[in-house]
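Work through the exercises below with the sequence and the structure at hand. Try each task before reading its solution.

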Amino acid sequence: MIKEFCSENHVDVARALSLGAQRVELCDNLAVGGTTPSYAVIDYVCRLAHEQGATVMTMIRPRGGNFYYDEAELEMMAEDCKVASQLGSDGLVYGLLTEENWLDEPALEKLLAVSQGCQVVFHMAFDQIPRSRQFEAIDWLAEHGVTRILTRGNLEGCALDNLDWLQELVAYAKGKIEIVIGGGMTVDNFAYLLEKLPVDQVHGTRLFW
């Protein structure tokens with residue numbers, strides 16, 4: 001079972017690793033859901049995590065707010081993908097949607113092309129896709145080589161509030177793409193989630209203390 005520590009910067013990474021974090025999602029500015037950290041922070045955390053046998057997934061997001069990106073922002077994200085990979089990131093985390101809350105397929109294909117050699121995680125922007133199209137989204141992401149999807153099963157609340165839908169997502173995704181559950185996961189409740197869902201990955205800022 002993988003516990004992924006969501007880290008806003010470098011400060012608590014060493015502590016999380018010492019307590020058993022096998023993977024770090026590295027970002028900045030969690031107040032807006034996470035943005036791309038500085039290159040120096042990426043470099044430092046990758047070296048620190050790799051010394052402990054852990055992997056680093058770096059957030060690629062130029063700003064808070066919606067997940068509809070213009071051409072200038074897409075170029076920024078593509079460059080950030082390249083640099084984060086060069087600095088040692090094992091994976092890249094992003095999510096791009098249209099104004100209709102469907103996958104921005106051309107933009108995703110552009111980023112996927114510069115993400116070769118890295119794991120790719122589609123983040124909680126997934127939860128903005130209408131449930132009626134989420135299975136279709138799983139198929140598209142799996143067919144295009146995305147490694148995993150981070151979801152809480154709804155736009156709001158804790159993942160534990162959305163167990164019925166998460167069970168359907170996990171069952172549909174089995175054998176196609178990995179699902180990691182986040183959203184309100186803590187050191188006190190993640191074991192209950194694992195009892196209810198056949199998943200082996202959880203994500204959060206409070207999984208260790």
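Two residues are in contact when they have heavy atoms within 4.5 Å of each other. The model used here is a predicted one.

**Exercise 1.** State which elements cover the buried residues of α3, and check the length of this helix.

Solution.
1. A residue counts as buried when its relative accessible area is under 20%. In α3 the buried residues are Glu73, Leu74, Met77, Ala78, Asp80, Cys81, Val83 and Ala84.
2. The cover over these residues includes α2 (39–51), β3 (55–59), β4 (91–94) and α4 (105–113).
3. Helix α3 runs over residues 71–86, which is 16 residues. At 1.5 Å a residue it should span 22 Å, because the expected span is 1.5 Å times one less than the number of residues.
4. The end C-alpha atoms of α3 are 23 Å apart, which agrees with that expectation.

**Exercise 2.** Describe what is found at the two ends of α3.

Solution.
1. At the N-terminal end, Asp70 acts as a cap: one of its side-chain oxygens is 3.2 Å from the backbone nitrogen of Ala72.
2. After α3 comes Gly88, with a positive phi near 115°.

**Exercise 3.** Repeat the analysis for α2: find its length, its buried residues and what covers them.

Solution.
1. Helix α2 has 13 residues, for which 18 Å is expected at 1.5 Å a residue. From first to last C-alpha it reaches 19 Å, close to the expected value.
2. Val41, Ile42, Val45, Cys46, Leu48 and Ala49 of α2 are buried.
3. Covering these residues are, among others, α1 (13–18), β2 (23–26), β3 and α3.
4. Just after α2, Gly53 has a positive phi of about 75°.

**Exercise 4.** Describe how α5 and α6 pack.

Solution.
1. Two packed helices are described by the angle between their axes and the distance between the axes.
2. Helix α5 (residues 131–143) and helix α6 (residues 163–173) have axes 10 Å apart, at an angle of about 25°.
3. Angles under 35 degrees count as roughly parallel, so α5 is roughly parallel to α6.
4. On the α5 side, the contact is made by Arg131, Gln134, Phe135, Ile138 and Asp139. On the α6 side it is made by Trp165, Glu168, Leu169, Tyr172 and Ala173.
5. The crossing of α5 and α6 is right-handed.

**Exercise 5.** Is Ser7 buried or exposed?

Solution.
1. Ser7 belongs to strand β1 (residues 2–7).
2. Its relative accessible area is 2%, so Ser7 is buried.
3. Neighbours within four places in sequence aside, Ser7 is in contact with Val13, Val24, Glu25, Leu26 and Cys27.

Methods:
Residues numbered from 1 in each chain as written. Predicted model: local features only at pLDDT ≥ 70, side-chain atom pairs only at ≥ 80, totals over all residues. Heavy atoms only, no water. Helix = DSSP H or I, 4+ residues; strand = E, 2+ residues; numbered from the N terminus. Buried < 20%, exposed > 50% of the residue type's maximum accessible area, 1.4 Å probe, protein only. Polar contact = N/O pair within 3.5 Å; in protein donor to acceptor, adjacent residues only side chain to side chain. Axes fitted to C-alpha atoms, helices over the stretch in contact; angles between N-to-C directions. Parallel < 35°, antiparallel > 145°, perpendicular 65-115°, else oblique. Left-handed = near helix turned anticlockwise from the far one by under 90°.
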